[in-house]
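Biologist: Before we discuss this model, could you put the sequence and the coordinates side by side, and then take my questions in turn?

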Amino acid sequence: DLFHVCIVSALDLAAILVNSIFIFVILRKTPPDLSNYSVLLINIACADLFNALCSFMCIVRVRNAAGCFLLSYIGPCTLYNAQLCHLFFAGHCGAACQSIQLLGISFAYRYWSLKPKIQNMHAISRRLWIATGISMVPLTLMMVIICVG
């Protein structure tokens, strides 16, 4: 368990640090001609940062018992209560799904931007914010269900 906690903690803390730096660089150093794409990059970095934070807080150990998966929390959330651990685990799962959705949106944007017809940049940016906002719905629903249930 100690080795598992150390490896997961090191990876999550590195991800938190790298994504924080990445967010700072995106916000401060993005050239104007890449501002639309930076909408996607900032949302992906925020989702990954949130994912790493949730993973660090709950650190899940998965065990197999008679064909069933048992999840046990061994992270810092155990110092508070199980409900908080469930919330962090839901956030971890939801943020991982959101990252995948945002990568799909990013791929679609890159494919779409190759078309020769260029539209209004503000309209493109607004559509990207709407698409990334919609991608947050499953994460939000999962976390609300865990909190209420």
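**Contacts, cysteines and strands**

Modeller: In this predicted model, the count of aromatic pairs comes to one.

Biologist: Which two residues form the aromatic pair, and is the pair stacked or edge-to-face?

Modeller: The ring centres are 6.2 Å apart and the planes meet at 65°, and since planes over 60 degrees apart count as edge-to-face, the geometry is settled by the angle. The pair that is edge-to-face consists of Y73 and F89.

Biologist: Which parts of the chain does the pair tie together, and how many residues apart in sequence are they?

Modeller: Y73 belongs to strand β2 (residues 68-73), whereas F89 belongs to helix α3, so the contact ties a strand to a helix. Y73 counts as buried, because its relative accessibility is 18% and the limit for buried is under 20%. The parts tied together by the pair are 16 residues apart in sequence.

Biologist: How many disulfides are there, and which cysteines are joined?

Modeller: The count comes to one disulfide, with an S to S distance of 2.0 Å, which satisfies the requirement of sulfur atoms within 2.5 Å. The link is right-handed, with 110° about the S-S bond. C77 is buried at a relative accessible area of 1%, and its partner counts as buried at 2%. The joined cysteines are C77 and C85.

Biologist: What is the distance from C54, and from C58, to the nearest cysteine sulfur?

Modeller: C54 is in no disulfide, and its nearest cysteine sulfur, that of C58, lies 7.1 Å away. C54 is nevertheless buried, with a relative accessible area of 1%. C58, which also counts as buried at 1% relative accessibility, is likewise in no disulfide, because the cut-off is 2.5 Å and the nearest cysteine sulfur, that of C77, is at 5.8 Å.

Biologist: What span does helix α3 reach from its first C-alpha to its last, and which residue caps its N-terminal end?

Modeller: Helix α3 covers residues 82-113, which is 32 residues, and its span is close to the 46 Å expected at 1.5 Å a residue. Its buried residues include C85, F88, A95, L102, I105 and Y109. At the N-terminal end, a side-chain oxygen of the capping residue lies 3.3 Å from the backbone nitrogen of Q83. The span reached is therefore 46 Å, and the cap is N81.

Biologist: How many bridges join β1 to β2, and which residue stands opposite R61?

Modeller: Strand β1 (residues 60-65) and strand β2 run antiparallel, and together they form a hairpin with two residues between them. The bridges that join the two strands number six, and the residue opposite R61, in β2, is S72.

Biologist: Which residues other than glycine have a positive phi, and is each of them buried or exposed?

Modeller: One of these residues has a phi of about 25° and sits in the loop between α2 (35-58) and β1, where its relative accessible area of 2% makes it buried. Another has a phi near 55° and is placed in the loop between β1 and β2, where its relative accessible area is 85%, and since over 50% counts as exposed, it belongs to that class. The buried one is I59 and the exposed one is A66.

Methods
Residues numbered from 1 in each chain as written. Predicted model: local features only at pLDDT ≥ 70, side-chain atom pairs only at ≥ 80, totals over all residues. Heavy atoms only, no water. Helix = DSSP H or I, 4+ residues; strand = E, 2+ residues; numbered from the N terminus. Buried < 20%, exposed > 50% of the residue type's maximum accessible area, 1.4 Å probe, protein only. Polar contact = N/O pair within 3.5 Å; in protein donor to acceptor, adjacent residues only side chain to side chain. Phe/Tyr/Trp six-rings, centres within 6.5 Å; stacked < 30°, edge-to-face > 60°. Pairing = 2+ DSSP bridges.
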